[in-house]
Every structure is written in structure tokens, then in C-alpha cells.
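I opened the model today to look up strand pairing, helix packing and the contact between chains. My notes follow in the order in which I checked things.

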Amino acid sequence: MITFERVSKRYEEGHDALREVSVHINRDELVFITGHSGAGKSTLLRLIMLMDRPSRGQVTVDGQNLASVRSRGIPQHRRNIGVVFQNHQLLFDRSVFDNVALPLIIAGYDHREVGRRVRAALDKVGLLDRERANPITLSGGEQQRVGIARAVVGKPKILLADEPTGNLDPALSAEIMDLFEEFNQVGVTVLIASHDLVLISRMHHRIITLRQGSLVSGSTP
Amino acid sequence: MGRREPVRRKEGASVSRTRLRDQYNAWIQHHRLSAADSLLRVLEHPGSSMLTWLVIGIALALPVCLNVALDNVSQVSASWDSPAQISLFLQDEVAVDRARQLEVELGARRDVSETRFISREQALDEFRTLSGFADVLASLEENPLPDLILVTPVATLDGPAVSALRTQLQGNSDVAEAVLDMEWLERLNSLMDLGRRLVLAVGGMLVIGVLLILGNTIRLAIESRRDEIVIVKLVGGSNSFVRRPFLYTGLWYGVGGGVLAALVVSAALWFMEEPIGELAMLYESAFHLSGLGVMGALNLVILGGLLGLAGAWLAVSRHLVHIEPR
């Protein structure tokens, strides 16, 4: 589903974020990426999202070489990927419902379909009764679940998460990880960047370890 | 939606047609949504929105007022029957018979459509009744006015040809002086041309000012919604999707400005109506100040809307591209 072939990323100031990384992630797999901050976890996700382009090497997502995706095609590419951020990236000037509906509005769904799907996604993350609330009134864990609902509402094939449990206590973190596992079980390829080794080593999934931009372990299942 | 594209395409043309219709509906729906949302945002801050509207309204009203004034002046000058007329003042020693004969001769010319002889006595009578200087005139020993033949050239004659005709008539030995009555009208017309240019120049500058003001307003709107733009782009919003609400914001500012401009112009006309009416009465003229009219007001609103769109486009094309998820 996702393939990195000898991918390097050097930022303009000369910092090497990734060095010759080759890794393959299968369809339906759930994979953790770990490493210290600055090891290149986020860069890996950014390259998949086309928020950055690699300096060298080739990234392939769902059979498409990302080098062939021009900037016009980036929105379409991103619609096929759900993303969850550490800081949730929610819009506090609108309701939970409208936050979750955003990807569907962008993709141009009919409003009845939007209502149906948003409620299904909110139900999945256990926030159906909060759809009219403003996300700012929710707890950190609830906000993160709104973020997850938004990421999965468009039924993407790929789900990316960058430190999704970064600000949460262990019990809430475990709940969030369970959610990701559930999505993985229905066929979504899930890629989670996390430095919470205690939590992720309990979960028996492949762990890709990066150190200073290089792949240390976990290149194959 | 797009995610399913490769699968659905195999299903045939009917599916892709409904997909197109879905996309069209979604596009319309987002336009409606953006328009309503932008309008609500504009109305959410009535104070600052009103300021923007006023700035645009006044900037548009100024050249429009000038233009309305010029239109009225040209309406007045057009009502003065303006085919060029040449006044031939005859030499004192020319007898009335000779003058009548000259009138007929000139009237027979192919380039003259009409002649009229006004004898010095007739002229004096006319002057007496019109000027109110009857007593003064009565005390004069002799009539100071010359005989006069008014020559109206045919309408097809243009300016230089009429001038040439005047020179030719001036050459006649019976004629003391041939005066072309067009001259003051020409002066007025060229003054009006100057006025129109001035309106154009002032209007152009103010339009640029309006564009810049709108561009800046939209730039601020973009800045205040930077986080939202980043998120929308992250979940797959295209540039046109992100652009749309800001273009509508510009449109609403422009339309509001156009409406205010129409109101300002109407108010100015209303303010001027009474003194101008009095002035017209003094000149025994039926002149009536003509305003913008419904079409003029509508055009002003449309112009405002277009300027709003253009200003928003200016800001959006400059600033939106630089807001990318980091």
C-alpha cells in the first residue's frame, strides 16, 4: 500500500530528516513508527501526505508514484488519506458535526449522505450525543476522538496519525489505540507515529524504528 | 468520491454521468454555502463592515456624481438648438432692398438650408422688449444696431466646412462681419470633454483605491482564518474550494458598497434639486435635474460587485498560495 524506496529528505537548512529509507507497508496492515523526536517520524508522514517532496528516492502510495502527482492533484490525493494530529487541528468556530463533516463537504457529498456518514463516524468514536457541541468544550481525549472521526468519515484506505496520544493519559491513550485497531480490522491501512514505546509494544504490530533519519528496524513485516 | 473513481469507471457511462451531476450539485451546494457563510461573517461585524461599505460607497459615488452632473450639463447644452448658425452683420450703407436680395441669394445656395433677415428696426424692437432698457434706448438718437442675416447651413456640413462657409461669407463686400455662433458651444463642448476625462481619471484612481482597500480587507480575512485554511488543505480542499468563501466576501463588500454609492448619489441629487430648480426658474427653463435611474443604480451595484470580486481575487491569488500546511 505504501512503499518508500531509498528515500532521503534534506531540508533547505541542511538538516537530513530522512536518509535512504526503504520500507514497505502492506494493505490492511497497522504499523507503528517510533523514534526520538527529530528521528524523522513526522517527515515520513509528511511525504505520504505530499506536504513535502523527497530530495531523493521514490514514494508510492496505493500504486501511485507520488512524484507524478502535480500540485493540482494534491487535494485529490489527500482525500484518500485520513490524518489525525497530535494537536487535533479542530476548528473551534463550528460544531463537532461541522468539523467532522468538513472532508465530506470538500469531496462534494450530498447533504443527506453527509449527515448519515458524520453520525456513523461520531457513533463509532462514541460522541454521537455531542454533535452540536463546540469542540472547545470537550476534553482532550474527546477532541482527539473528534479528530479521528474526521479522519475516517470519508472512509479512506489509509489512516495516518502523528502522535495521536501525545497529550493523553495512559488509559485514554489505550482507548484511542483500540479505536485505530478497530479501523484496521475493517481493512484500513493504519500508520501511527508515536514515541510511547510502552504502549505500542503491548499491541503486537510491526514497529518501524527510526534514528536520526535512518531506518533501524522494522523494514519488513 | 474521487477515491472510487477507478472502480466506478468500469461500470459504464451512466454511472459517470450521475457522478458528473453529483459533482455539479455539490459544486452548486458549496457555492450556496460559501455565499451564505460569507454573508453571515460580513454581517457578524456590522461596524467594521459598514466602514468598508462606506469607504467603497463614497469612493464610487464621487466620480458617479461628477458624471451625473456632466450628463445634466450636456443635456442642457443639447437643448440649445445647436446647428451652427452664422450671423452676418451687414455694412451700415447697405440698403434694405439689397439686404433682402442678399438673403434670397444666400438662401439659394446649396450649402445653406435657411436664411432669415432681421432688419435693424426689428432688432431694436426685440432688444427693447427683451432687455428692459426701453427708456435708455428711447433716448438714443439713432439705432446703433446693424442689419442682420441669420444663415443656417445644411445639417450635413461638418465643423470645418461651416468655418469655410463663414470665411467665404465674410469675403462678401456687403458683410461687415460674419460670426459663427458655434464657437461658445464648441468651447463648452471641449470643456465638457475635459470634464469627462477628469471624471475618468478620478474614477480610475478611485477604482484602484477601492480594489486596494478590498484586497487589504480580504487579506485580513484570510489571515484571521489561516488555521482553517491549513486544515481544509490538509483534508483535501482544493485551491478553488479555499478561495470561494473569500471571493464571496469580496462580492458582498462590493455589492454593499455599490448600494451605498447609489444612496449617496441619490442623496446628493436630492440635496441639489431645490437650488437647481430655483435657478432653472430664474432662467425660465424647464430644466429638471435627472438622476441615476433604476438602471444606473443597478449598474452601480453590479460595478461594486465586480470590483469586490476583483479585489478579492487580487488578495486571494497573492496570499492564499502561501498558506500551506507546515
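**Entry 1: the strands at the start of chain A.** I began with strand β1 (residues 2–10) of chain A, which is joined to strand β4 (residues 56–61) of chain A by 5 bridges, running antiparallel. I take strands (E, at least two residues) and helices (H or I, at least four) as DSSP runs, numbered from the N terminus. Two strands pair if DSSP finds at least two bridges between them. In this pair, E5(A) faces Q58(A) of β4(A).

Next I followed β4(A) to strand β5 (residues 64–65) of chain A; 2 bridges join them, again antiparallel. V61(A) sits opposite Q64(A) in β5(A). The two strands make a hairpin with 2 residues between them, where D62(A) has a positive phi near 50 degrees.

**Entry 2: ground rules.** This is a predicted model: local features need pLDDT of at least 70 and side-chain atom pairs count only at pLDDT 80 or more, while totals for chains, interfaces and linings use all residues. Residues are numbered from 1 along each chain as its sequence is written, and chains are lettered from A and ligands numbered from 1 in the order in which they are written.

**Entry 3: the six-stranded sheet.** What is the strand order in the open sheet of 6 strands in chain A? I read β6-β7-β8-β3-β9-β10, with mixed pairing. At the edges are β6 (81–84) and β10 (214–217) of chain A, each paired on one side only. On average, neighbouring strands are turned by 20 degrees against each other, direction ignored. Axes here are lines fitted to C-alpha atoms, for helices over the stretch in contact; angles run from 0 to 180 degrees between N-to-C directions.

I then went through the pairs.

- β6(A) and strand β7 (residues 158–162) of chain A run parallel, with 4 bridges. V84(A) has A161(A) in β7(A) as its bridge partner.
- Strand β3 (residues 30–34) and strand β9 (residues 206–211) of chain A are parallel too, over 4 bridges. F32(A) is opposite I207(A) in β9(A).
- β9(A) and β10(A) are antiparallel, over 3 bridges. T209(A) is bridged to S217(A) in β10(A). The hairpin they form has 2 residues between the strands, and Q212(A) in the turn has a positive phi of about 50 degrees.

**Entry 4: helices in chain A.** Helix α5 (residues 140–152) of chain A lies across β6 and β7 of chain A, at about 170 degrees to β6(A).

How does helix α3 (residues 96–107) of chain A pack with α5(A)? Their axes are 7 Å apart, at an angle of about 30 degrees. That makes α3(A) roughly parallel to α5(A). I count angles under 35 degrees as roughly parallel, over 145 as roughly antiparallel, 65 to 115 as roughly perpendicular and the rest as oblique. The crossing is right-handed; by that I mean that the near helix is turned clockwise from the far one by less than a right angle, and anticlockwise would be left-handed.

V96(A), N99(A), V100(A), L102(A) and P103(A) of α3(A) meet V146(A), A149(A) and R150(A) of α5(A). Contact requires C-beta atoms, placed from the backbone, within 7 Å. These residues divide into 6 nonpolar, 1 polar and 1 charged. Nonpolar covers Ala, Val, Leu, Ile, Met, Phe, Trp, Tyr, Cys and Pro; charged covers Asp, Glu, Lys and Arg; the others, Gly among them, are polar.

I turned to helix α4 (residues 111–124) of chain A. Its axis and that of α3(A) come within 9 Å and cross at roughly 125 degrees. That makes α3(A) oblique to α4(A). This crossing is right-handed. On α3(A) the contact uses F97(A), V100(A), A101(A), L104(A) and I105(A), and on α4(A) V114(A), R117(A), V118(A), A121(A) and L122(A). I list 9 nonpolar, no polar and 1 charged.

**Entry 5: chain B.** Chain B has 11 helices and 4 strands. Its radius of gyration (over C-alpha atoms) is 34 Å. The globule rule, 2.2 Å times the number of residues to the power 0.38, gives 20 Å for 326 residues, so chain B is more spread out than a compact globule. The C-alpha trace spans about 105 × 50 × 30 Å along its principal axes.

**Entry 6: where the chains meet.** I find 20 residues of chain B in contact with 18 residues of chain A. On the chain B side, α2 (13–44) and α9 (226–234) give two or more residues. The largest share, 7 residues, comes from α2(B).

Methods. Two residues are in contact if their C-beta atoms, placed from the backbone, lie within 7 Å.
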